[in-house]
Amino acid sequence: MTNLTALTVLLTVLIATTQTYTTSSSTPSGSWTTTPEAMVEGEWCLLPRTVVWHYKRGNRVFSSVDRAKAACEQREGCGAVGMDRTPYRAVPGGPVIYSSTIYLLSVSDSERSPRRHFRYDTYMMGACEN
C-alpha cells in the first residue's frame, strides 16, 4: 500500500467516524450543551470609550457584558457595568481567562465624573440622558 493510498483510507475512516459522531443524537457525549445568555430586562446607556471607575482586583468579573448587566439588575446598589479591553487574568501575568475585564460598579462609583479613555466602555443602568 502506498503512502497516498494509506492516507486516503485513513481520511475516509476519519471523516466517516466524525460524521457518525456529530450527527448521532443517541449518545449523550455527542451532544453539546451551552449556557443560555443572561436576559437583560432594563434600559442601559452605553458610554463608549469612557471610564467612571476602574476594576478592583478581587471583585467578580463576567464573561460577557449581558451577563454583567443581568447581575447588576438583580443586585441592589449596582449602578453600572464597566468593561476594560485588557484581558482578565486571575493573577498578574497569568493565563488569559477572558478577552476583556467586565465588572460591576456601585451606584457611588457610577456617579463619578466620566473620563474619556480608549481602553474602557461603561454601561450605565437606565436610559441615556441627552
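**A walk through a five-stranded sheet**

Let's start at one spot: Asp84 stands opposite Thr101 in strand 7. (Strands here are DSSP runs of E with at least two residues, helices are runs of H or I with at least four, and both are numbered from the N terminus.) This is a predicted model, in which local features need pLDDT of at least 70 and side-chain atom pairs count only at pLDDT 80 or more, while totals for chains, interfaces and linings use all residues. Residues are numbered from 1 along each chain as its sequence is written, and side-chain values use heavy atoms, with hydrogens and water left out.

How far can you trust what you see? The predictor's confidence in each residue, pLDDT, runs from 0 to 100. The chain averages 79, and 70% of its residues score at least 70. Among the elements, helix 1 (residues 3-23) has the lowest mean pLDDT, at 48, while strand 6 (residues 96-98) has the highest, at 95. Over residues 16-28 the value stays under 50, and the model gives that stretch 2 contacts (heavy atoms within 4.5 Å) beyond four places in sequence. Where pLDDT is low, the predicted coordinates should not be read in detail.

Back to the sheet. It is an open one made of 5 strands, in the order 1-9-4-7-3, with antiparallel pairing. Strand 1 and strand 3 stand at the edges with a single partner strand each, so one side of each has no neighbour in the sheet. Two strands count as paired if DSSP finds at least two bridges between them.

Now follow strand 4 (residues 78-84), which pairs with strand 7 in the antiparallel sense over 6 bridges. Along this pairing, Ala80 stands opposite Leu105 in strand 7. Strand 4 also pairs with strand 9, again antiparallel, over 5 bridges. There, Val81 has Tyr123 as its bridge partner in strand 9, and Met83 has Asp121. Is strand 4 buried or exposed? With 7 of its 7 residues buried, strand 4 is largely enclosed by the rest of the structure. (Buried means under 20% relative accessible area and exposed over 50%, with partly exposed in between, for a 1.4 Å probe and protein chains only.)

Strand 7 (residues 101-106) is mostly covered too, with 5 of its 6 residues buried. Besides strand 4, it meets strand 3 (residues 61-62), which runs antiparallel to strand 7 and is joined to it by 2 bridges. In that pairing, Val61 stands opposite Tyr103.

What packs on the sheet? Helix 2 does, touching strands 1, 3, 4, 7 and 9, and its direction makes about 165° with that of strand 4. (Those directions are N-to-C, the axes being lines fitted to C-alpha atoms, for helices over the stretch in contact, and the angles run from 0 to 180 degrees.) In helix 2, the residues Val65, Ala68, Lys69, Ala70, Ala71 and Cys72 are buried.

Several of these side chains take part in the largest nonpolar core, which has 12 residues in all, among them Trp44, Phe62, Val65, Cys72, Met83, Ile102 and Tyr123. (Such a core is a set of buried Ala, Val, Leu, Ile, Met, Phe, Trp, Tyr and Cys residues joined through side-chain atoms within 4.5 Å.) Helix 2 (65-74), strand 4 and strand 7 each supply at least two of its residues. Helix 2 gives the most, with 4 residues. A second, separate core has 11 residues, including Val51, Ala80, Leu105 and Tyr120.

Cys72 makes a good place to pause. Leaving aside neighbours within four places in sequence, Cys72 is in contact with Trp44, Cys78, Gly79, Ala80, Val81, Leu104 and Met125. One of those contacts is a disulfide partner: Cys72 and Cys78 have their sulfur atoms 1.9 Å apart, inside the 2.5 Å limit for a disulfide. Both cysteines are buried, and the link is left-handed, with -105° about the S-S bond.

The structure holds 2 disulfides. The other joins Cys45 to Cys128, with an S to S distance of 2.0 Å. This link is right-handed, at 110° about the S-S bond. It ties together distant parts of the chain, 83 residues apart: Cys45 sits in strand 1 (residues 44-47), and Cys128 in the segment after strand 9 (120-125). Cys45 is buried at 9% relative accessible area, whereas Cys128, at 44%, is partly exposed. Counting bonded cysteines along the chain, the pattern is 1-4, 2-3.
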